[in-house]
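Reader: Please take me through one part of this fold in detail. I would like the strand pairing first, and then the side-chain contacts around it.

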Amino acid sequence: MPSRLVDYFNKQPRIGLLSSANKEGKVDAAIFGSPMMLDEKTVVMGLGENRTFEYLQENPNAVYTIVEQGETIMDWKGLRVYLKMKEYATSGETLETYKKQVAKVAGEDAAAMIHASVTFEVTEIRPLIDMGQGWEKSI
C-alpha cells in the first residue's frame, strides 16, 4: 500500500526542481515533472545527456523540491527530498523499460530524449518551509 509520502511525491500534475552540484561545487538546477518515488527510500527518473546528468556522475547528491502555491507564503506546501544517486543505466533493459513507460505517458518524443535512467536513494525529507513541524504537516 503506497504511503502518504509516495502518493504526494507522485501526484500529477506537478513539477519540481532538481538541484545538483559538480565536484567543484558549481550548482545546477533544472525543472522536472517525471521523477517517480517507488517507495519511501527510492526515486527513479530519466535524464537527457545534459548538465544534470554530468554533475550527478561527479557528485551523486541532489535535492528534488516540490512546491505548491498557497494564498500567502506561509500557506505554500511542498517538500525537499534529499537524494543520492545509487546507479544509472545508459543502455539495457532498465533504460528501455523506463523509456517505454515514459512513451505511454508523455509520448515517443519525450522518451527519445532520455539518455539515462537514474535510481536515487532518499537520504532525508524536509518540509518546503521548515518551522520544525516535520514534512508530514507540510503537504
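Author: What follows is a walk along the paired strands and then through the side-chain contacts. The model is a predicted one.

Start with β4. Strand β4 covers residues 42-47. How many of its residues are buried? The count is 6 of 6, so β4 is mostly covered by the cut-off of under 20% relative accessible area. In a regular strand, side chains alternate between the two faces of the sheet. In β4 both faces are covered. Thr 42, Val 44 and Gly 46 lie on one side, and these residues are buried. Val 43, Met 45 and Leu 47 lie on the other, and they are buried too.

Now the partners of β4. Strand β3, residues 36-39, runs antiparallel to β4 and is joined to it by 3 bridges. The two form a hairpin, with 2 residues between them. Asp 39 has Thr 42 in β4 as its bridge partner. Thr 42 is among the buried residues of β4.

Strand β7 also pairs with β4. This strand takes in residues 116-127. The pairing is antiparallel and runs over 6 bridges. Val 44 faces Thr 119 in β7. Gly 46 faces Ser 117 in β7. Both Val 44 and Gly 46 belong to one side of β4.

Ser 117 leads on to β6. In the pairing of β6 with β7, Ala 89 stands opposite Ser 117. Strands β6 and β7 run antiparallel, with 10 bridges between them. Strand β6 spans residues 77-89.

Another set of pairings involves β1. Strand β1, residues 16-21, and strand β2, residues 27-32, run antiparallel and are joined by 6 bridges. Leu 17 stands opposite Ile 31 in β2. The hairpin of β1 and β2 has 5 residues between the strands. Gly 25 in this hairpin takes a positive phi near 95°. Strand β1 pairs with β5 as well, in the antiparallel sense, over 5 bridges. Ser 19 has Val 63 in β5 as its bridge partner.

Next, the side chains. A pair of aromatic rings is described by the distance of the centres and the angle of the planes. There are 2 aromatic pairs in the model. One of them is Phe 9 with Tyr 64, a tilted pair at 5.4 Å centre to centre, with 45° between the planes. This pair links distant parts of the chain: Phe 9 is in helix α1, residues 4-10, and Tyr 64 is in strand β5, 55 residues apart. Both rings belong to buried residues. Phe 53 and Tyr 88 form an edge-to-face pair, at 5.1 Å centre to centre and 90° between the planes. Here too the link is between distant parts of the chain: Phe 53 sits in helix α2, residues 51-58, and Tyr 88 in strand β6, 35 residues apart. Phe 53 counts as buried because its relative accessibility is 5%. Tyr 88 counts as partly exposed because its value is 40%.

Phe 9 has a further contact. Arg 14 lies over the face of Phe 9, 5.2 Å from the ring centre.

Then the charges. Side chains of opposite charge can pair when their charged atoms come close. The structure holds 2 salt bridges. Glu 68 pairs with Lys 11, with the closest N and O atoms 3.1 Å apart. This contact also links distant parts of the chain: Glu 68 is in strand β5, Lys 11 is in the loop between α1 and β1, and they are 57 residues apart. Glu 68 is partly exposed because its relative accessible area is 27%. Lys 11 is partly exposed because its relative accessibility is 37%. Asp 130 forms a salt bridge with Arg 126, and here the closest N and O atoms are 3.1 Å apart. Asp 130 is partly exposed, at 34% relative accessibility. Arg 126 is also partly exposed, at 25%.

Last, the surface. Which residues form a nonpolar patch there? Val 67, Ile 73, Met 74, Trp 76 and Met 131 do, with about 520 Å² of accessible area together. Met 74 lies in the loop between β5, residues 61-68, and β6. Met 74 counts as exposed because its relative accessibility is 53%.

Terms used. Residues are numbered from 1 along each chain as its sequence is written. This is a predicted model: local features need pLDDT of at least 70, side-chain atom pairs count only at pLDDT 80 or more; totals for chains, interfaces and linings use all residues. Side-chain values use heavy atoms; hydrogens and water are left out. Patches are made of residues with over 30% relative accessible area and no salt bridge: like charges are joined within 9 Å, nonpolar side chains (Val, Leu, Ile, Met, Phe, Trp, Tyr) within 5 Å. Accessible areas come from the Shrake-Rupley method with a 1.4 Å probe; for residues, only the protein chains shown count as cover. A salt bridge is a side-chain nitrogen of Lys or Arg within 4 Å of a carboxyl oxygen of Asp or Glu. Helices (H or I, at least four residues) and strands (E, at least two) are DSSP runs, numbered from the N terminus. Buried means under 20% relative accessible area, exposed over 50%, partly exposed in between (1.4 Å probe, protein chains only). Two strands pair if DSSP finds at least two bridges between them. Rings of Phe, Tyr and Trp (its six-membered ring) pair if their centres lie within 6.5 Å; planes under 30 degrees apart count as stacked, over 60 as edge-to-face and the rest as tilted. A charge sits over a ring if NZ of Lys or CZ of Arg is within 6 Å of the ring centre and within 35 degrees of the ring normal.
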